[in-house]
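Work through the exercises below with the structure at hand. Each task is followed by a solution in steps.

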Amino acid sequence: MAVYYYPSCKFTAFSPETSNRICAYLDRRFGMTIQGCCRPSHSLMTEDDTAVCVCNTCAAICSEDSKAHVKSLWEVLQDDREFPFPDLHREAMTLQDCWRCYDRRAEQDAVRSILHRMNVTIVELDENYEKTKFCGMSTYQPLVKANAQFAPKRFVEHAQGMFIPKTEEEQKLLMEEHCSKIQTEKVVCYCVPCTKGIRSGGKQSIHLLDLLFQNI
C-alpha cells in the first residue's frame with residue numbers, strides 16, 4: 001500500500017515556494033511519495049493505494065478514473081498533531097467554498113477545522129458548502145477536454161449550465177459582483193481558480209496553503 005501526494009500543477013505554478021515546502025513536509029513527516037501531474041499516473045494506482053490531493057480537479061480525476069482511495073490534504077493536516085499551526089489572533093476572514101468539491105463535506109469540514117486551529121474567525125457566505133457555484137473565472141471558460149474525459153460526472157453530468165465561455169470583461173464583472181457580497185477584506189480560498197477570481201473581483205484573497213506554510 002502506497003500513499004501518493006499530488007501537489008497540483010496549478011498550485012505549484014501559482015505558489016512554487018509553498019508547494020515545495022508542503023512536499024518536503026509530507027515526505028519528511030509521513031513518507032508520502034510525491035507525484036507530478038495526476039493525468040499520466042492516476043490510473044496506475046491500485047485499490048490499496050491512497051491519493052492525497054490539494055487540487056479538487058485532481059481529486060475528481062482520481063476518484064472517477066482510478067481505484068485508489070482519495071483523501072484531501074486538508075483532512076491529513078487537520079489530524080496532524082505535530083503541525084505548527086500559526087496563530088492569526090482571531091482575525092476575521094471570509095471563507096470561499098469551491099464548486100469543484102461542493103459534495104465533499106469531509107474536505108469542507110477539514111478546511112474549517114484548520115482555520116479554527118489557526119485561530120481565524122470564519123465569516124461564512126450564504127452560498128457555502130453544497131450551495132456554492134463559485135470557482136473563479138474557470139467556469140466561464142471552455143471546459144478542459146481531459147477533465148471531461150477523466151471525470152465526466154463532475155465536469156459534465158454535474159456541471160449543467162457551467163463552462164459557458166464569457167469575455168474577459170464579462171468575467172471580471174462577474175467576479176466583482178460576487179465580491180460585492182463579501183464583507184471582509186481578506187478571503188481564504190482552497191482552490192487556485194477561486195483565489196485568482198476573488199483577486200480579480202477586488203478582494204484580498206489568500207490560498208489556505210500559503211496561510212499555513214508562511215513561516216515553515
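**Exercise 1.** Find the residue that stands opposite glutamine 96, then place the two strands concerned in their sheet.

Solution. In this predicted model, glutamine 96 faces cysteine 189 of E7. Next, take the strands: E5 (residues 91–96) and E7 (residues 186–189) run parallel and are joined by three bridges. Then extend to the sheet, which is open, has four strands in the order E6-E5-E7-E8, and is paired in parallel. E6 (120–124) and E8 (204–207) are at its edges; each has a single partner strand, so one side of each lacks a neighbour in the sheet. On average, neighbouring strands are turned by 40° against each other, direction ignored.

**Exercise 2.** Identify which strands helices H6 and H10 lie across.

Solution. H6 (residues 105–117) lies across E5, E6 and E7, and runs at about 140° to E6. H10 (residues 192–200) lies across E5, E7 and E8, at about 165° to E8.

**Exercise 3.** Determine which residues of H2 are buried, and where they sit around the axis.

Solution. Start with the helix: H2 spans residues 16–30, and its 15 residues reach 21 Å from first to last C-alpha, close to the 21 Å expected. With buried meaning under 20% relative accessible area, the buried residues of H2 are Thr18, Ser19, Ile22, Cys23, Tyr25 and Leu26. They lie on the same side of H2, because they cover an arc of only 165° around the axis. A helix has 3.6 residues a turn, so residues three or four places apart point the same way. The face turned away from the buried side carries exposed Glu17, Asn20 and Arg28. Finally, the packing partners of the buried residues are E1, H1, E2, H5 and H11.

Methods: Residues are numbered from 1 along each chain as its sequence is written. This is a predicted model: local features need pLDDT of at least 70, side-chain atom pairs count only at pLDDT 80 or more; totals for chains, interfaces and linings use all residues. Side-chain values use heavy atoms; hydrogens and water are left out. The expected span of a helix is 1.5 Å times one less than its number of residues. Buried means under 20% relative accessible area, exposed over 50%, partly exposed in between (1.4 Å probe, protein chains only). The arc is that of the directions from the helix axis to the C-beta atoms. Contact means heavy atoms within 4.5 Å. Two strands pair if DSSP finds at least two bridges between them. Axes are lines fitted to C-alpha atoms, for helices over the stretch in contact, and angles run from 0 to 180 degrees between N-to-C directions.
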